[in-house]
Amino acid sequence: MMLRSWLLLAPLLAVMTFIIGWPLAKTVGVSFTDAKLIGGDVNWVGADNFARVLGSGMFWSVVWTTIRFVLISVTAEFAIGLGAALLLDQKFIGRNLLRALLILPWALPTVVNATMWRLIYNPDFGAFNALLTQTGMIDSYRSWLGEPGSALLAVCLADVWKNFSLVTLIALAALQSVPRELHSAAVIDGAGPWSRFRAVVLPYLIGPLTVAIVLRTIEAFKVFDIIWVMTRGGPANSTKTVSMLVYEQAFSFQKAGIGASVALVMVLVSSLLIAGYVGLLRRQGEFR
Amino acid sequence: MERRSLPFSIFIYVSAVILGVFVLAPLVWLLIMSISDTNDLTTLPLRWLPQTLDLHRYAQIVSLAENGVGIAFLIALKNSLAVATIASLGGLAVAIPAAWSVSRAHGRLNFSLYVVVATYMLPPVALVVPMYFALSAMGALNSVFSLAIVYLSILAPFTTWLLKSNFDHVPAEIEQAAMIDGARLDQILRRITLPLARPALTTAGLFAFLLAWDEFFYALLFTAKDSKTLPVFIADLAGGRVADYGLIATAGVMASLPPVLIGFFLQKSLVSGLTAGGVKG
Amino acid sequence: MFTTYRSRLMQAIVGGAVLVGAQSLGFGALADTTLNALFMAQAAYSEDNVRAMTADFEAANPGVKINLEFVPYEGLHDKTTLAQGAGGGYDVVLFDVIWPAEFAENKVLLDVTDKVTQEMKDGVLPGAWTTVEYQNKRYGLPWILDTKYLFYNTEILEKAGIKTPPKTWAELLDQAKIVKEKKLAEYPIVWSWAQAEAAICDYTTLVAAYGGSFLDADGKPAFQNGGGVDALKYMADSLEAGLSNPNSKEYLEEDVRRVFSSGEAAFALNWTYMYNMANGDPKESKIVGKVGVVPAPGVEGKSEASAVNGSMGLGITSTSKHPDEAWNYIAFMTSKAEQEKFAKLSLPIWADSYSSPAVTGGQEALVAAAKTSLGLMFPRPTTPTYQQMSTQLQQAIHAALLKQASPEDALKTAADSAGGGL
């Protein structure tokens, strides 16, 4: 019985060993060398790369940018996503149409989404400037992706637009699994809307929402494509994330060793996230 | 049923309209850009509706002129289809036995699922340098097939995780009954478990397909020329100084059609598949 | 039975011999050879130009087929090096003047010093050769001979009462002020200052004008003193005064062209290609016939005019399996005949093309400016770690333009980290 289980698991284990485990181990090895991407001798340099990475202001500012991106995007996705789910849980004309539309941003490829928003933010001919000036909200056109104050927020908005609907769809499914009788019973008991939400609805929501929130957090932590297309990390590095830094070091500068060590520090941080996630899931009973 | 007060009803409708506009406006603008001529798009103040309908970019993007943008687009489309199909079928092939095994082990194989979840969360940048070295040494860069294999590192753990929760819902009693009747394991899987879990299989396969369709980072690094996928093609088109905004928009619309159609027609099963996978149902 | 066997054997032997013979005689070259070539999708020759030139080559060389790929300039360097690791990479690549050092060190490009003919040595402008040289070896043929010129909108200048375009950078600001005061343009000057190589090209032009240098005699950073600082100060001041378009901070060359061609700017710094696109193509421009071009200005007491070497060359990758065909292709693409045929968006590398009516016709102003500018082309530093140094400088420029640091401090930080960085 046990043998059969392992046999069935073998293909997956092979994938995980050869295309995940091996490269990860190799990355650890490369991170202790001065390997270049192409050619050149490879020398053992001990923990030099890590010392340089951890000691550089650039690294920490990039980490901070990444964390801000995660916090802003995920929070907004949750606020908007949950709000939209509560709205769609109400009965109104056009509800099914609206719910069907929500799948569109989510299904749009990330690169297309990034491209679309870059065109929308265009400082000269973009729709965003046109809309805001024509409605009188700003006086003159602005360079949304060209100012460090607004670039990260602008990228976040693009990310939120695409990803909030996933939260909505998950939350909506959970909301609709709340038995009607519970609602009615609470109304009869004279509970107000807020206490009804807390006592009746929230217990059904919290599990799925936890899963969604942590999934989104980790995805946001890895962010690369949307930033690559929209700003390439500029202006003045204000949108440069850890993944962008690894790309720059390993592939543009050919410094594979440094790139690997930045990536590994990132893995350490994200494994903290993973640990937290597994802990939460366990409490939710996912692995019982 | 509780009756809603009038102000609350108004609030609901106003919110619904705002949400609808928020979701649709960028997409509508993308469509408009793709059918406007360049002068309409670069006139100030901006014209929201084009003066003339200009469909030439749609012809351009599928034209077969040698070394033209149409060919490049169609090759990228073909590559994306191939990569996503191979990778998602491969993902399923790996995930089905694994997920079934974990599901039927009733907790004795918990550990492997932790590993699965953990690997799904590994950032690609932690794997990409050795992958590049290895593919380069094997002469396997710039190949659709290599890229699909690399995608297995994302898709196999993910689909296993999705399928496992769904297999949990297939009653083990039916399988046991068949086993007592002398059915072999592959027969049980083919005749009983998989048909019962078909919606979940479809969902997992489509999810994997969408993930592979969307992937950019590995594709950017491991493909060139004839093996480029659509995201890389579009980033190349838009990331440079190509000033034909309309053409970029057109490519975006075209590249979005397959995933949007999949999402649209299968949204019910996508949502239920995801919630069943993400939440212990 | 026996005869059929023997005749088959004979057929096989004869067939094989013919095949071997044909190959040893060089008929193998007649079989289709496909070359993969990597180009960029903007500035200088347009994609259509490259396609047309390539079609000319294919027509003249039956049996050789060229697969063209166009990527944005931003992707050109990384694509080239990444493909190097791949067996089936590119045969021919377009490379920027700043890369031969790195590409030579990492053996990305084939050394073609010995293939260069006497005719090429004599006929090609000396400045063009610097594009492909590193340590006295040549890693390709120069193809795009380019520098940044100052473009101006003749209509706006006329309305502003300005008779002659600026000769110094200070004069440019004075004229821009007049244009702004007369409300002829909100932001008279437009530049490509996105956090990218484009910003370095504009900066280099100014460094040249102010008599600065990137590296000292020992190869240590020198841009944090003298002309290097003056150049960045000039950029920051022009933004501060509202004379430069603030969106310049996110512009690349094509954005500059869009803004200038729509008539929104009086002055623009850009490459050769903008002249004919803005001045001659009504589909692309609203200011056809109103475009003036002069060499980028100088600084009183220091320089008469200024220019950056923004040239690019065509090289053969060291992994190419068809280096001979690839050489034929790049020799064709850079030939005088072909360059003179397509001399609208990029000017030829050949000295005597500049007196040929085929080249000067209809673009006398551009060719006149080129005669001055091409002689002044100021190089960006030649170092195998150029990419890093450039990235540090781009960050410094942005920090100063966004007023996160003074130009002095920003450049000092860049100089301190230029070697090591991260």
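## Where chain B meets chain A

In this contact, 99 residues of chain B touch 93 residues of chain A. Please keep in mind that the model is predicted. Together, chain B and chain A bury about 8,700 Å², and carbon and sulfur atoms give 78% of that area. On the chain B side, Phe22(B), Tyr114(B) and Met121(B) supply 8% of the area buried against chain A, more than any other three residues.

How many salt bridges cross the interface of chain B and chain A? The rule finds zero, although six residue pairs are in polar contact there, both partners being at pLDDT 80 or more. Helix α1 of chain B, residues 6-34, gives the most to the side that touches chain A, with 15 residues. Sorted by class, that side of chain B has 75 nonpolar, 19 polar and five charged residues.

## Where chain C meets chain A

Let us turn to the other partner of chain A. Here 26 residues come from chain C and 34 residues from chain A. The area buried between chain C and chain A is about 2,400 Å², with 54% of it on carbon and sulfur atoms.

Which residues form the salt bridge between these chains? The rule finds one across the interface of chain C and chain A, and it joins the side chains of Lys249(C) and Glu147(A), with 3.1 Å from N to O. There are also 12 residue pairs in polar contact between chain C and chain A, both at pLDDT 80 or more. Three helices of chain C give two or more residues to the side that touches chain A: α3 (73-84), α11 (253-261) and α17 (386-401). The residues on that side of chain C divide into six nonpolar, 14 polar and six charged.

## A closer look at helix α3 of chain C

One of the helices on the chain A side of chain C is α3(C). Does its length fit its residue count, and what span should we expect? With 12 residues at 1.5 Å a residue, α3(C) should span 16 Å, and the C-alpha atoms at its ends are 17 Å apart, so the two values agree.

Helix α3(C) is mostly covered, with 12 of its 12 residues buried. Among them are the charged residues Glu74(C), Asp78(C) and Lys79(C), and the nonpolar residues Tyr73(C), Leu76(C), Leu82(C) and Ala83(C). Gly75(C), His77(C), Thr80(C), Thr81(C) and Gln84(C) are buried too.

## The loop between β11 and β12 of chain C

Asn309(C) is found in the loop between β11 (305-306) and β12 (312-316) of chain C. Is Asn309(C) buried or exposed? Its relative accessible area is 4%, under the 20% cut-off, so Asn309(C) is buried. The side chain of Asn309(C) makes a polar contact of 2.8 Å with the side chain of Ser311(C). Leaving aside neighbours within four places in sequence, Asn309(C) is in contact with Val97(C), Gly127(C), Thr130(C), Thr131(C), Asp146(C), Met377(C), Phe378(C), Pro379(C) and Arg380(C).

Gly310(C) has its place in the loop between β11 and β12 of chain C as well. With a relative accessible area of 9%, again under 20%, Gly310(C) also counts as buried. Apart from neighbours within four places in sequence, Gly310(C) is in contact with Asp146(C), Trp271(C) and Arg380(C). Asp146(C) and Arg380(C) therefore appear in the contacts of both Asn309(C) and Gly310(C). What separates Gly310(C) from Leu145(C) in sequence and in space? They are 165 residues apart in sequence and 7.2 Å apart in space, C-alpha to C-alpha.

Conventions. Residues are numbered from 1 along each chain as its sequence is written. Chains are lettered from A and ligands numbered from 1 in the order in which they are written. This is a predicted model: local features need pLDDT of at least 70, side-chain atom pairs count only at pLDDT 80 or more; totals for chains, interfaces and linings use all residues. Side-chain values use heavy atoms; hydrogens and water are left out. Contact means heavy atoms within 4.5 Å. Buried area is the accessible area (1.4 Å probe) that two parts lose on being put together, summed over both. A salt bridge is a side-chain nitrogen of Lys or Arg within 4 Å of a carboxyl oxygen of Asp or Glu. A polar contact is a pair of N or O atoms within 3.5 Å; within protein, one must be able to donate a hydrogen and the other to accept it, and residues adjacent in sequence count only if both atoms are side-chain atoms. Helices (H or I, at least four residues) and strands (E, at least two) are DSSP runs, numbered from the N terminus. The expected span of a helix is 1.5 Å times one less than its number of residues. Buried means under 20% relative accessible area, exposed over 50%, partly exposed in between (1.4 Å probe, protein chains only).
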